[in-house]
Amino acid sequence: MPRDDPLTRVLFVDLSRRRFRVEQRPDLFAEALGGTGVAIRLFDELCPQGADPLGAENPIIFTVGPLTGVYPLASKTVAMFKSPHTGNLGESHAGGRSAIAIRMAGYGAIVIQGRSVMPIYLVIDEDGVAFRDASALWGTRSAYTSGSVLRRREVGSGLRTIMRIGRAGEKMVSYACVVTETYRHFGRLGLGAVFGSKQLKSIIIGGRRNLAVADRRAFRQTYDTLYERATVSPLMKKYHEIGTPMNVVPLDAIGGLPTRNLQSGRFEGAETISGEHLASEYLGRRVACAHCPVACVHLAALRIPYPNDPYFYKTLMLGYDHEPIFATGSMLGIADTPGMLRLMDEIEVQGLDVMSGGVALAWATEAMEKGLISEAETDGVALRFGDAGAYIEATQRIVSQPTDFYRALAHGVDHAAAIYGGEDFALAFGGNEMPGYHTGPACHLGYLTGARHSHLDSAGYGLDQAAARAGEQLDPIEVVEALVKEEQWRQVLTSLVICLFARKVYDPGIVLQALGTMGREWSEEALVALGVDVLRRKVAFKRREGFDATGLRVPARITETPSPAGPFDDVFIRKALAHYDTLV
Amino acid sequence: MPKRLSVIDVDRCVGCQSCMFACTRRTGQAGLDASCIHVRSAGGIRKGFVVVVCRACPDPPCARVCPTDALVPRSGGGVRLNASLCIGCHNCEEACPFGAVLWDREQGKPQICVYCGYCAGYCPYDVIALEEIEPDERPTQGGA
C-alpha cells in the first residue's frame, strides 16, 4: 500500500463528549482490505456483549475500501452497528456519494460512539469534525426537508454526502433507514433508529484529494478494462437500461413474485408495475452513484393534481427499484402505478425501510382479513390489498403511533405477530422482512442464513431459478454449501466495497490486478481465505449475541405457496439449517 | 484550429463524475483533487446536474484580472497558465462566473483546463465533448 494512503486513518467521533480523534490502523486495512472486513474487526473491538442497540454503547462504523476513488464501481459504504430490528449484527450498504466522500475526506473508517444530549448533526472533513445544533431540524415532517436545508447551509456541493434520518429514525422505528443523496439508502436493519437513539440527525462528509498509485501505467490500463466492462460490455446492460425492475415480469411469469403477503407468486398487475411500464410512462431521469458510469438509479416523474385546486400540480421525482416495487406493489396487491409511487414517496417522507415497511403492511392486511385485528387496532384505517390510500395512512401511523398496534408494527412483523398472532404468514427471516423473490427453497434459506438476512448475502434466487430451468430437484445440503460459498466470496467484494451489481465486472483476476496497482500484493487464495474469515467473524459475533440457525422461525407460508423451483417442505429447510450450523 | 471542451447536453448527465476522476487520472494519480472539471447537483439531485468546465472565453476575464500576466489568452479563446509568473492571488478564481477556475492547494495556484478532452473520453452519455472553436464564433459572455 502506498505509504501516504489515508485509507488507514480511522476517525473516532464521541457524541457524548463532543470530541474526536484519528487513529492510524494500518493493521486493519492490511489484513482485511476495508469495507466489511475492516468493519467486523472494529465492531468486534468496540461493541460490548449484550449491547443495547439503542444505547450509547452501540457503535456505528462506516468503512470504505482501497479501490474507492481509484476505480469505478467501488463506491459503496459499509455501515455496521447492532440492529435494533433483529437485536443482532446490523450491516447495511449504501452508495450515492457516501464512499467517495469518506475517502476524499481522508478516512478509511469512521466510528460514531456515545449519545448526544441534544439533536445534533456532524460536518466531517479532512480537518476533523464539527458538532452542529440540529434541534431546529428535529421533528420536521418530511425527510426531504432536512436534506434540502443542510444542502443550502453547508458547503461542498458535488464533493459531499449528506446522510440523514426522517421522523421514523427520530421515533426509533426499528426499521428506519438512513437516506443519502435523496435516492440511496442504508435501508435495512434500522440504522436510522440507531441515529435517532443518538439524537444524530445527519452526517455531512466531504473533501477532495489525490491518491497516489504504485504503477501509473498499469493503473490507467486496469481502469480502462474496468470502464469498458462497465459501459460497453453486456455485463451491466440490465442495470443501464430498465434497471433492477426488469425482474418484475420474468419473476411473475415463473410464479416467483411475492404477491398479497405471499398468498401467491403471481400478480395480475405485474405489467403495470413492471420496469418496462415505468420506463415508458414515468422514467424522468437516471442518476449514478459517484464514480459509477452505470447509472442504475431510475427516477420516476409523477405529476399529481391537487384535487380541489385546478391548475395546481406537483411533480414528484422518485427513485424506484425492484425491491420497492415488490414491497409497495405486488406484496400489497397494488397495480395502480401512481398509487404505488405515492406510497413509496410517503415511505421516503417518513424515512422507513421500504422493504420492511411494505411487508409489515402486507402482514397487517392479512391479519385484518383473518380478524386478528380490527379498525380499533388500526385507528380506523381499513387495510385492503390494492388500496394505496389506506396504506399511506397506515404508513404515517407506523411513525406517529396512535395505538399499541402501530407501536408493535413499528418493531416489525416478528414482534407484531408474537402479540397479535398470524406468525405463519409473518414474512420475516431472522427478524428481517423478506425481499421480493419467492423462487424456491434456496432464496428463503439465503434470507435465513445470510449474515444480514438479505437477498444480497448469497442470492439464493439464482440457485432456485437454475434448478427450475433445468427441471432439477434441489438438495438441502448442496443448497446450503453453495449459499455459504457465495456469501464468502461476497465478503471479499464488500470488503473492497465493490457494488454487488458489478460482481461479474470484478472477477478475481481484475481484483488482484487493481490491488497490485495500489501496491497491494494479494493472491486469489488469500482473497478466498479472507472471505471465509470475514463470514466466520460475522457469524461468531451473531452467535455471541444469541443467533442459532437451528432455532430460526420459518413462516409456514413459504412452503404453502407454490414456487418456481417446485414444492419443498419444512423438513427440507430444517435439514439445510442444521447443516449450515455445522458448516460456518 | 483551437479546441475547447463543450457541454453538449447537460440533461443527459447522470452525475457519475467519471470526467472528474479522468481529469485527475490524466496526471497519473487517483482521486479528484487535480481535476479541472466539476459536477454537482443543480440544487438537489432530483433537479439534475451542473457541469462546470472552462468554456474557453474569447476575452477571458480570468486573464484580465491577473496582475502578473500568468494567465495568457490563447488564440481562439481560453487561457494558458504560466505557473512561474503566478503569485496565487485568487483573482482569476473570483473572476470566472462559472467557477471553472479550480484551485491547486498544494501549489497554491489555479488549476486550468488544458482542453485536452481526456475527460470526454470517459463520459458514458455524451454530455461533454472536445470541439473545435469556429473562427466566426463569437459567443456572448455568460452564454453556455
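# Questions about a predicted two-chain model

User: Among contacts in chain A between residues at least 6 apart in sequence, what share joins residues at least 24 apart?
Analyst: Happy to start here, and please keep in mind that this model is predicted. Take the contacts in chain A whose residues are at least 6 apart in sequence, then keep those that join residues at least 24 apart. The share that remains is 70%.

User: Why can chain A be called as compact as a globular protein of its length?
Analyst: Chain A has 24 helices and 18 strands. For 584 residues the globule rule gives 25 Å, and chain A is as compact as a globular protein of that length because its radius of gyration is close to that value, at 22 Å.

User: What percentage of the residues of chain A count as buried?
Analyst: A residue is buried here if 20 or more other C-beta atoms lie within 10 Å of its own. Applied to the 584 residues of chain A, this gives a buried share of 60%.

User: Which strands stand at the edges of the open sheet of six strands in chain A?
Analyst: Let's read along the sheet: its order is 8-7-12-9-10-11, with mixed pairing. An edge strand here has a single partner strand, so one side of it is left without a neighbour in the sheet. The two that fit are strand 8 (128–133) and strand 11 (184–186) of chain A.

User: In strand 8 of chain A, which residue is the bridge partner of A:Asp125?
Analyst: A:Asp125 belongs to strand 7 (residues 120–125) of chain A, which pairs with strand 8 in the antiparallel sense over six bridges. On strand 8, the partner of A:Asp125 is A:Gly128.

User: What angle does the direction of helix 4 of chain A make with that of strand 9?
Analyst: Helix 4 (residues 143–153) of chain A packs on the sheet, where it touches strands 7, 9, 10 and 12. Comparing its direction with that of strand 9 (160–164) gives about 145°.

User: How many residues of chain A are in contact with chain B?
Analyst: On the side of chain B that touches chain A, the residues divide into 10 nonpolar, 11 polar and four charged. Chain B has 25 residues in contact with chain A, and the number on the chain A side is 34.

User: Which residue of strand 2 of chain B is the bridge partner of A:Leu211?
Analyst: Here is a nice link between the chains: strand 13 (residues 210–211) of chain A and strand 2 of chain B run antiparallel and are joined by two bridges. For A:Leu211, the partner in strand 2 is B:Ala30.

Terms used:
Residues numbered from 1 in each chain as written. Chains lettered and ligands numbered in written order. Predicted model: local features only at pLDDT ≥ 70, side-chain atom pairs only at ≥ 80, totals over all residues. Helix = DSSP H or I, 4+ residues; strand = E, 2+ residues; numbered from the N terminus. Rg over C-alpha atoms; globule rule 2.2 N^0.38 Å. Buried ≥ 20, exposed ≤ 12 C-beta atoms within 10 Å, placed from the backbone. Contact = placed C-beta atoms within 7 Å. Nonpolar A, V, L, I, M, F, W, Y, C, P; charged D, E, K, R; others polar. Pairing = 2+ DSSP bridges. Axes fitted to C-alpha atoms, helices over the stretch in contact; angles between N-to-C directions.
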